[in-house]
Every structure is written in C-alpha cells, then in structure tokens.
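Morning, everyone. I'd like to walk you through one model today, so let me put it up on the screen.

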Amino acid sequence: MPSNGTTAEAVLWRTSSRNVIGVVFLITAISIFVISTRHGIGILPDSTRYMRLDETPFDAPLYAWLLDIVRAADGSVVTWARVLGLVFVCVNILLIWLMLSSTTTSAAALGTALIVTSPQFIFLHAVAMSEPLFIGLVLTTVLLFCRYFESRKGYFLVFTGVTLGLAMLARFTAAPLALAIAACLLLDRPRLLARRFLDIALIAITSGVIFLTWAIGSRLAGGNGLGRELRLNGNPDAESWLSGLNTLTNLLVPMALPFPIRLLLLIAAVAVSGTVMWICSRRILKESAAGRVLTLDRLPLVLGLFAIFYCLFMIIAVHVEANLPLFGPRSRYAVPLYIAVVMATTVALGGPYRVRLPRLVLWAFSVLIAVVLAAHLVRSTDRVWRAYATGIGYDATAWHSSPLVQFVKDLPADAIVYSNGADALGYLTGRFVRLVPRQFDRRTQREDPNNTLEEQILSLRRSIISGNGYVVFFDAITSRFYNLPENDLVKVVPLSLYKQLPDGRVYVLDQTRIESAER
C-alpha cells in the first residue's frame, strides 16, 4: 500500500498539474482575445444599441448599464467595452475550469478545450455584446446553486436568486435557468415538500424583485421594458426551422460539410450526451435521496435541465417574435446551450457518478470529439486571423475606410442625416443619425400605429426640406427587409441623387419635383 507521504505527494501533483492546465487555458483565451481585437472590440448592430448610439432602444439593460459607468465619466465607451470583454473572457474561463473540477484532469481539460476553441465562443467574446456577461452570470448562478446543496445554507439560495435576477437583466433567456433550478429543488427528495416550495419561493422572490423592479420601473418611466408584445407574432416556417437546425450543426463542424453529414454528427452527439446526462442525473437523484452530500457533481442534472428548457424557450420565442432566427444571428443564442451540454456531458463521463459507455460507443464518441475539436481549431484559427487582419463588424478596416462614412464625417455639424446604416454611421462618425422609414416593425411584422410609414416619410421630408439634410444608403447593408426600399423612398419623398460613391449613394430632397407637384 502507498504511504501517506506518497499519497499526499500524488494529490499535490494532481492539484499542481490542474492549476497549470487551468492557467494555460486562461492565457490561451486572453491571447486569442487580444489578437482578435487588434483593431478594437467588434461592434455589431446591437452593440450600438447598448452604447446608446442608435435610436432603437436596447432590451435587457445590464450590459448597457456597465457601459454607462464610463459614459457618465466622459470616458471612451469602446475602450471600456474592450476592457469588459477581457474581464468576461477571464471570468468565464475560470468558472468553466472551476466547475469541471469534480472530473478527472483529462476530462476537465477536454471539456474546457471544446469550449475555449469553439469559433462561436471566440467570436462572442470578441464583440461588444451582452452574451459573455450572460454566460458568466449563468455559470455563477449554477455554481452558487450547487454550493447550496453542499452547505444547505439558505443564504446560498439568496445569492442564487440575486445572480439569477442579474442574469435576467443581462438577457431574458435566463428564464430557462429559473425553471431548471425550480425543477432541481422539486426533485430534492431528502427535503420535505413544503420546504422545497419554500426554497423555490426564496429564489423566485429574490430574482423577481430584481427583474420586476426594472421591468415595471422602465415602463413607468416611458422606457422600452421587455420590448416585445406578449402575443403570437411569430412566423416560423420550414425554412426557419431548417436554418435553426443548420445553426446547431455548425456548432460542431463547418457548413462546408454536406448537411446530411452534419446532421448525422449532431444526432450522434445529442444521443450520446443526452443518454449519459440522463443516466448520470438518475444516479445523482438516487444518491441525493440517500442523503449524501453533492456539490458540483449535480452539474449534469442542473445544466441538462437548463439545456432542455432553453430549447423549449427558443421554440416559444420564435412564435412570439416575428422574424427571429431560432438560435439567433451568427449562432449567438446557441452558445449558452453548447456550453451547458459540453459541461454536463464532461461531468457525466468524467465525474464521480460517471457513466461507462460500451467500448464501441466510447470509441465512436471519441472519434466524434476529435473531429469536432479539429474542426474548432481550423475554423477558430481562420476566424482569429481574419479578425486580426481586418477587424470585426463596424470596427473592421473596410468600414473605417468607407467613402460614405468619410462623406458623413465631413458634413457640417448641423447637417441632418438619415440612413439605412444609422447604427454604423452613429458609431463611426459620432453624430446622431436617424433611421430611414420602416414599413413595419421587425418583431411584430405589423406597421407601428404610433409611428406609421406615412408619418415617418412626412417627418423625413420636413427634416431635410431646409436643404441641409441627406439620406445615405450603404450597399453592404441588405438584411433590413423591414425598411422602405431605397427606390420606393426616392419616389415617395421625393429624393434626387446627390453623390454616387463606391459603397453607396447620397440623396437630397428633390425640390424640383416637390414644386412641380405643388403646382
């Protein structure tokens, strides 16, 4: 038998090696972030809303509030967004590594690698968006919730409620986590049923006070609130469901592979992950019923339920909001789901209640993981290199060198500008730019009764009638189908071409046609 000294040395060696591997992952993630944001943190259309550079209001407010800290001190919001991005990268990597600590070192390393090298994970952390903050708050909430089962101290439930409430202020998609937590508490069989409901109520009240205080206060102050109607405005069709399925397959392998192959790999991954999470969760519940203490071993149950409720939430969301991609643009909404499944599967296969796969299944799943990891490395290397070379979003070199952007920069300070790229111009020029008229609201597919298309056209005409107004159209912006098309706007205002540039056109009011119409 090994001596106590030998055992202590082995434990120390394992702890040291885990710490070294964790540091390597952290340094790798930081390096990727720094390289990807060489030209500055990526700016997407929604980024300008959080930065208050777009007249379209943001929804969940927490990320915008963090940016407001610097705005209040007249600092650089973009620089602060990059600092926050780096903080989110560090926190999220550390949380992932810490929460996989109950598994073997090799399992923890593999699970973390599958997340850190994911091109979608890398992209999200290189742009000024709320998702990295949301991911960090979800992981923190789950960690605190698991600590409650270790200590059975009520204050961990309060802490869980606080971070859950903050997560809901970061992104409304935190609601599935609340359902997962409630389900876990209901399944906590060692506790009396009445006590389980009290635990659920404690978390619900704590998180609800935080979220509802903002939601009600926002509406009373004339704000945007949830920014959505609670009615079935969605218009999902076969194409949108197929697009969502494509998004999920793209989490594993590139779109360049034929769809049948991607779909087969996704089905295999979901089948194995779902099975091991189910078996492991049943073992966890059995051990819990026997009164044994569980800490992070409970992750497959919590994160597995979160993944299920998250998918259901997204399916409901596309029926509530019109024109909503099932898992969001650029796979943004799918990343939390991917992280949850990878972490839950890692603990289910490498934790104390690990599931032993049949040899053939284990071999096939190992090959699948190797393929996914190799695909991640290739795609992420390409994505990071492109970000390093040209930048991301509106911070890309092409936008900074845009002739149209330069034209708007050179306009007099009192010039009135409308554009189909108001968000881009607002960010790149620092001036307030109005949106061109919209035919209908993107989220409802209906015309806004409080701001009809006719009213928007009249407002535009009045604003630019002084001769100091300009309407700018970018060729690169083609996805805003809810805006009135350029040719239609030119006819109804009416407008005349003022300047043709390589990346778009500038229009002014056509006084001649207006005078002719008046005569």
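How much of the chain over residues 332-353 is helix, and how far apart are the end C-alpha atoms? The helix share is 73%, strand is 0%, and those end atoms are 32 Å apart. Before going on, the caveats: this is a predicted model, where local features need pLDDT of at least 70, side-chain atom pairs count only at pLDDT 80 or more, and totals for chains, interfaces and linings use all residues. Residues are numbered from 1 along each chain as its sequence is written, and side-chain values use heavy atoms, with hydrogens and water left out.

That stretch is one of those the unreviewed UniProt entry annotates as "transmembrane region"; such annotations may be inferred rather than shown by experiment. Residues 156-185 are also on that list. There the chain is 87% helix and 0% strand, with the end C-alpha atoms 13 Å apart. Helices here are DSSP runs of H or I, at least four residues, and strands are E runs of at least two, numbered from the N terminus.

Now helix α7, residues 131-151. At 1.5 Å a residue its 21 residues should span 30 Å, and the end C-alpha atoms are indeed 30 Å apart; the expected span is 1.5 Å times one less than the number of residues. Of those 21 residues, 17 are buried, meaning under 20% relative accessible area, with exposed over 50% and partly exposed in between, using a 1.4 Å probe and protein chains only. Right after α7 comes Arg152, with a positive phi near 60°.

On to salt bridges: a side-chain nitrogen of Lys or Arg within 4 Å of a carboxyl oxygen of Asp or Glu. The count is 17. In one of them, Glu131 pairs with Arg332 at 3.1 Å, N to O. Glu131 sits in α7 and Arg332 in the loop between α13 and α14, so the pair ties together parts 201 residues apart in sequence. Both residues are buried. They also belong to a network of salt bridges that includes Asp46, Arg171 and Glu321.

So which buried residue has no salt bridge? That's Arg196; the nearest side chain of opposite charge, Asp188, is 6.3 Å away. Lys and Arg count as positive, Asp and Glu as negative, and His and the chain ends are not counted. Arg196 lies in helix α10.

Last, cysteines. With a disulfide taken as two cysteine sulfur atoms within 2.5 Å, the count is zero. The sulfur of Cys184 is 8.0 Å from its closest cysteine sulfur, in Cys146, too far for a bond.
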